[in-house]
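Visitor: I have a model open and would like to talk through its aromatic rings. Could you guide me?

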Amino acid sequence: MINNLKAKLYDIYGKLSLKIANTFLLEKYNFVLPPVKFLLELNYTKASSNTEISGYEWIKIIRSLPKNLLINPTIILGGRDSIARDDFIDILKEVSKRRDFSLRNNVIVETKGLFLTDEIIESFITCKLDTLIVNKNNDGDNIEENNIIKENLLNLRRYYGQYYNYSKDTKRSKGLHLEVRTEITKNNIDFVLKDYEFLTNLGADKYTIIYNPTIENAVEKEYFNKIRAEIQKMKRYSKTTVEVIIVNGENNCCKYPNLELKISPSGNIFNCLNCKIGNISQNSLKKILKGLEYKEYLKSLLGLRNFGCCKNCIKK
């Protein structure tokens, strides 16, 4: 019920911000509703020789992120593996100061799960982290790496104890929402059922499976449907919910581009379509959100709510 309410609020806010973009509020008063989600890429998703901005600069950026009375924006700490930074804990502490009492998760950490040390887990508890998303590679060739991730998740459970183990029969007011995501390929399809069994025993909240039939190493649809049917049977005995996302390549009307912004490790700001709209080291976020590039982008969404690059988006 709460998740449905979140989705409705998200949708209403997105439509409202687009409506404002087509009225005198934008032209005359330069009024723009801020995004509701900021992805802070603390390190590059791929190896790069470019310089990453310092922890001190990230803290300044976090303090400059807008708040509003409707929805306090969610902050996602992501990148190649955000928790691998030496100053990650300092950054997390700064983000946790923005907590409010809204229905939305306000702090999310994304990781591959390889660097979940005791110190990092203790910082999650101290900062009252809302959500941890483990993007599991789940490659059949990296068995040793996958075993490390499982050991780290078991250690996470030991730290959180009774508050971590989720029960659908009770309303949980404390603890961590744990989601594990994996993209299905020929290399890992046979590990999916074992992983779901492991996450069920672990007490994880959610297992997200992404199936993209357009990638080079894609699983045949018939075999994928067979595995999916087995998962449906296992769901009857599991408290870990499963979401299967199928990338269908269709251009549906999108709610997201005007709601999310990404800040790269170099300070560049991108919208959901990966179009650069400014740099945080050259202008304040407030000026960028009221700048010409962002306003023109909002206006373009009114006439065309989807783009070619949206075909393989998993968010629709």
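Visitor: Does Tyr-196 count as buried or exposed, and at what relative accessibility?

Guide: Happy to help, and please keep in mind that this model is predicted. Buried means under 20% relative accessible area. Tyr-196 counts as buried, because its relative accessibility is 0%.

Visitor: How many aromatic pairs are there?

Guide: Rings pair if their centres lie within 6.5 Å. By this rule, the count of aromatic pairs is three.

Visitor: Is the pair of Phe-88 and Phe-124 stacked or edge-to-face?

Guide: Planes over 60 degrees apart count as edge-to-face. The ring centres of Phe-88 and Phe-124 are 6.5 Å apart and the planes stand at 85 degrees, so this pair is edge-to-face.

Visitor: Which helices hold Phe-88 and Phe-124?

Guide: Both residues are buried. Their pair ties together parts that are 36 residues apart in sequence, because Phe-88 lies in helix α4 and Phe-124 in helix α5.

Visitor: And is the pair of Tyr-196 and Tyr-207 stacked or edge-to-face?

Guide: Here the cut-off for stacked is planes under 30 degrees apart. The centres of Tyr-196 and Tyr-207 are 6.1 Å apart with planes at 15 degrees, so the pair is stacked.

Visitor: In which strand does Tyr-207 lie?

Guide: Tyr-207 counts as buried, at 1% relative accessibility. Its partner Tyr-196 is in helix α7, eleven residues away in sequence, while Tyr-207 itself lies in strand β6.

Visitor: Which residue lies over the face of Phe-270?

Guide: A similar question can be asked of Phe-198, where Lys-150 lies over the ring face at 5.3 Å from the centre. For Phe-270, the residue over the face, at 5.3 Å from the ring centre, is Lys-262.

Technical notes: Residues numbered from 1 in each chain as written. Predicted model: local features only at pLDDT ≥ 70, side-chain atom pairs only at ≥ 80, totals over all residues. Heavy atoms only, no water. Phe/Tyr/Trp six-rings, centres within 6.5 Å; stacked < 30°, edge-to-face > 60°. Helix = DSSP H or I, 4+ residues; strand = E, 2+ residues; numbered from the N terminus. Buried < 20%, exposed > 50% of the residue type's maximum accessible area, 1.4 Å probe, protein only. Lys NZ or Arg CZ within 6 Å of the ring centre and 35° of its normal.
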